[in-house]
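Welcome, and please have your viewer ready with the model loaded. We will go from one selection to the next, with a short note on what you find at each stop.

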Amino acid sequence: MTAAAYTWKRPSVLPGFGLTLGYSLVYLSIIVLLPLAALLLRPAELGLDGFWKAVTAPRVIASLKLSFGASAIAALINCAFGLIVAWVLARYQFPLKRVVDALVDLPFALPTAVAGIALTSLYAPNGWIGSLLAPLGIKVAFTPLGIVIALIFIGLPFVVRTVQPVLLDLDREVEDAAASLGATRWQNFRLVILPSIFPALLTGLALAFARAVGEYGSVIFIAGNMPMKSEIAPLLIVTKLEQYDYAGAAAIAVVMLIASFLMLLVINLLQRWSRRHEERGA
Amino acid sequence: MSLEAKNISKTFNSFQALKDVSLTVQRGEFMALLGPSGSGKTTLLRIMAGLDTQDSGEIRFDEEDVSGRSLRDRKVGFVFQHYALFRHMNVSENVAFGLKVRPHETRPSPPEIKRRVDELLHLVQLEHMGQRFPSQLSGGQRQRVALARALAIEPSVLLLDEPFGALDAKVRKELRRWLRRLHDEMQLTSVFVTHDQEEALELADRVAVMSQGKIEQVGTPDDVYHRPETAFVYEFMGNVNRFDCRIQDGHARVGPLVVAAPEFPSARDLPGLAYVRPHDITLRAADEPGLPAVIRHVFTAGPGIRVELQRRDTKTAIEADLPHDASRQLLLTPGTEVSLTFSGARVFAAG
Amino acid sequence: MNAESAIDLPAPVTRARTGTPLPAGIGTRDPAWARRLLIGLALAFIGLMLVLPLVAVFVEALHDGVGKYLSSIANPDAWSAIRLTLIVAAIAVPLNLVFGLCAAWSIAKFEFRGKSLLITFIDLPFSVSPVISGLIYVLLYGAHGWFGPFLAEHGIKIIFTVTGLVLATIFVTFPFIARELIPLMQEQGTEEEEAAISLGAGGLQTFFRVTLPNVAWGLLYGVLLCNARAMGEFGAVSVVSGHIRGQTNTMPLHVEILYNEYDFVGAFAVASLLALLALVTLVGKSILEWRIGRRLARGGH
């Protein structure tokens, strides 16, 4: 370690380091870093004042509020159901379990536009589900509720896939220990199991939230896209772009980007925490 | 409280782990379940605790059948092989757990819980470790936390699954003595599982030796070591040489040697196996009467000398343990021809 | 300083691990009513949120019969969208594959400073909204972008062309293969490669004969996920495409156009092809996970 601290690369007999790292860096710069830099610098032409005005316009604020609010609600719902699905997959045997397990990844594999039109057709007032809810006075499609439904759809696998492996790795003997000490099954879950999977659950929540905030394809069909009411922030970016308001679009994008970097930071910290958590005790 | 397992059988899938096992542990007794892995000892312990259910048979606490009682209601202190400490709780919280999860009516008050935890930490000599987390403890300390946690619920019996299995040799020895002293003070009916015969002999009042889902012998350490009832126990309790023999009228013949076989007074040319511990073998000069053998290898083994020999007639290997001054009377170099006699042997029917 | 300090996105990284639960004591058993309730809730949720939309795609596509369905797919615009989607994926996936191999080789087989920062950068596209992924290229190459005027002078168009679609697709699928290969190659260590070199093998020989066979299934897994996303991406390509029918319309964009024109059968017919692609991806993914899991189980402890 001390030797490595003084040189930037530890010597190795394997060839190709310069070439592969060089190519990776060039490709990364062209595809990712340069365009992102362009985005971050773009709002500069508005000036600080102009930037502030652009991102505090009522329509922008409303869209950001909607994007973040709906994402938070969807992530919380996913947290609850994702935990149940992960628990059932990790602990129980039942028919078609492998199929259900594979299906959990559907939102990763199904193109968002397809999900969007499918959900819309289901929840539209004349759709399979929408027609059942309409007599109750519940409107889903073309309202913020529809947005939440779409965001639940795309966020589900994140919670399941972060919690499931942790559940499988849990030391079952610890649950036996708690039971032998007199804990009821519910006490066992609340006091022993939940604290062990809590970091993973939070990570899954954060990942689902981060994904939902930026989601576009599955939402725009079901949202109705009414300015101030059901217009999400990514859609507003597209609208501004179509009006050739590049700087305005970039300003909203920068705000969202900063938010997602903060989320990234939080997720990173959470994962470090949960790793420490896992190392504790043996 | 006395503890009795009565005709317990248990099958996992198609593997029969326990075959009609019965065992009684007296009040205040420290009992060892000794056997190789797969012998069913842990399964028996877990069924006593209520962690597993038997297919048939009864578990009785003080004559009362508790088979139908749940794990929670049996009030059994169970110490797991890998301790199973709650890693997100510190030592005090771990020990307090069993008290805190009691229903409201029987739950002690918080100051009472604290007092009890302090008392238990004092008992296991971890007074100043209450705020530590399991990851910050050594193996031996974790073991003692697990014990304190099990004792906190004031169990009527204490069951320990391979309590020293995960510890290094030195800590294991210390902890063993400490646990024995603790048991002598508390007089709590205890059963522990081990595969280490030395541990069982040193610690237990009585030892139950298990093999292939059955109990081979139950007895004091002295009994099972010096008076094994079955060939398995003989082999399991330490190094042993095995000789084919023929049994006739209460005697068995190993080559030219004759050993007593009082268990078979009227046998007629019955095939048998004679078991001889290495320290029961004596080496003599080749011209003296005995079983002819050749020395193959000699090395120091602890306080004595171990000699590896080969029988002249059947070419099978024999081990002998000699006191370290034996080389003064005899030339112990490889290739030397010697004659063997047995100072103790036990004969079992073959098959 | 290793890949672990980067965030683990579950999408391409964490493999589902199904299998029989460990045999455990009575203390880990849930009461039967709770088990039934939870399985019921999970199945109801999966059924309502995942299965029903999937079924709806096919039902809506066949709403007016098989004949209408087939003629919707045979439509020339639909065909050109399918062709374009395949072309875009055929360019984007190999480029990301080459990058993934290079990045994984340098990161997994060598120790150098700034490694975790590099991994964080590789992960960046996962945390960027698809719309922003498209936007950045418009800001760079669009008519009012940094290089826009320069490109216009030389008659080069990127935005509203296939090039733009490819760029945006590469961006959103950028981390998939690298992300899959890096941990796998780190796990393998460098001993085998060092042995090969010491036995006189060249660098490329070592890579193709020693490294690649060890990570082949993981590589395939990454390619599968990368391809699924490349063919299905909507937000990013929507921003750069200009929606020129028959020219810059990929399948997901074509679905949107048809849907907005109230040609529901047409939209769902094309969507059903994408849904089939998703199902094939899921099946492939399960098979690969099974293979990888088995291999790990054999090689591991």
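Start by selecting chains A and B together: the count between chain B and chain A is one salt bridge, meaning a side-chain nitrogen of Lys or Arg within 4 Å of a carboxyl oxygen of Asp or Glu. Before zooming in, note that this is a predicted model, in which local features need pLDDT of at least 70 and side-chain atom pairs count only at pLDDT 80 or more, while totals for chains, interfaces and linings use all residues. Residues are numbered from 1 along each chain as its sequence is written, chains are lettered from A and ligands numbered from 1 in the order in which they are written, and side-chain values use heavy atoms, with hydrogens and water left out.

**Stop 1: the salt bridge**

Which side chains meet in the salt bridge? Show Asp176(A) and Arg46(B) as sticks; their N to O distance is 3.4 Å. Between chain B and chain A there are also four residue pairs in polar contact, both residues being at pLDDT 80 or more. A polar contact here is a pair of N or O atoms within 3.5 Å; within protein, one must be able to donate a hydrogen and the other to accept it, and residues adjacent in sequence count only if both atoms are side-chain atoms.

**Stop 2: the side of chain B that touches chain A**

Next, color helix H2 (71–74), strand E6 (76–79), helix H3 (91–100) and helix H5 (139–151) of chain B, the elements that each give two or more residues to this side. Helices (H or I, at least four residues) and strands (E, at least two) are DSSP runs, numbered from the N terminus. H5(B) gives the most, with three residues. By class, this side of chain B has 16 nonpolar residues (Ala, Val, Leu, Ile, Met, Phe, Trp, Tyr, Cys and Pro), five charged (Asp, Glu, Lys and Arg) and five polar (the others, Gly among them).

Now select the whole contact (heavy atoms within 4.5 Å), which takes 26 residues from chain B and 22 residues from chain A. Chain B and chain A bury about 2100 Å² between them, 62% of it on carbon and sulfur atoms; buried area is the accessible area (1.4 Å probe) that two parts lose on being put together, summed over both. In chain B, pick out Arg72(B), Arg87(B) and His88(B): they lose the most area to chain A, together 30% of what that side buries.

**Stop 3: Thr28(C)**

Move to chain C and select Thr28(C), in the segment before helix H1 (32–61) of that chain. Is Thr28(C) buried or exposed? Thr28(C) counts as buried because its relative accessibility is 5%, where buried means under 20% relative accessible area, exposed over 50% and partly exposed in between (1.4 Å probe, protein chains only). Add Arg172(A) to the selection: its side chain and that of Thr28(C) are joined by a polar contact of 3.3 Å. Leaving aside neighbours within four places in sequence, the contacts of Thr28(C) include Asp176(A), the residue you met in the salt bridge with Arg46(B).

**Stop 4: whole chains**

Finish by showing chains A and C as cartoons. Chain A has 14 helices and zero strands, while chain C has 13 helices and zero strands. Buried residues make up 61% of the 282 residues in chain A and 54% of the 301 residues in chain C. The C-alpha atoms of chain A fill a box of roughly 70 × 65 × 35 Å, taken along the principal axes.
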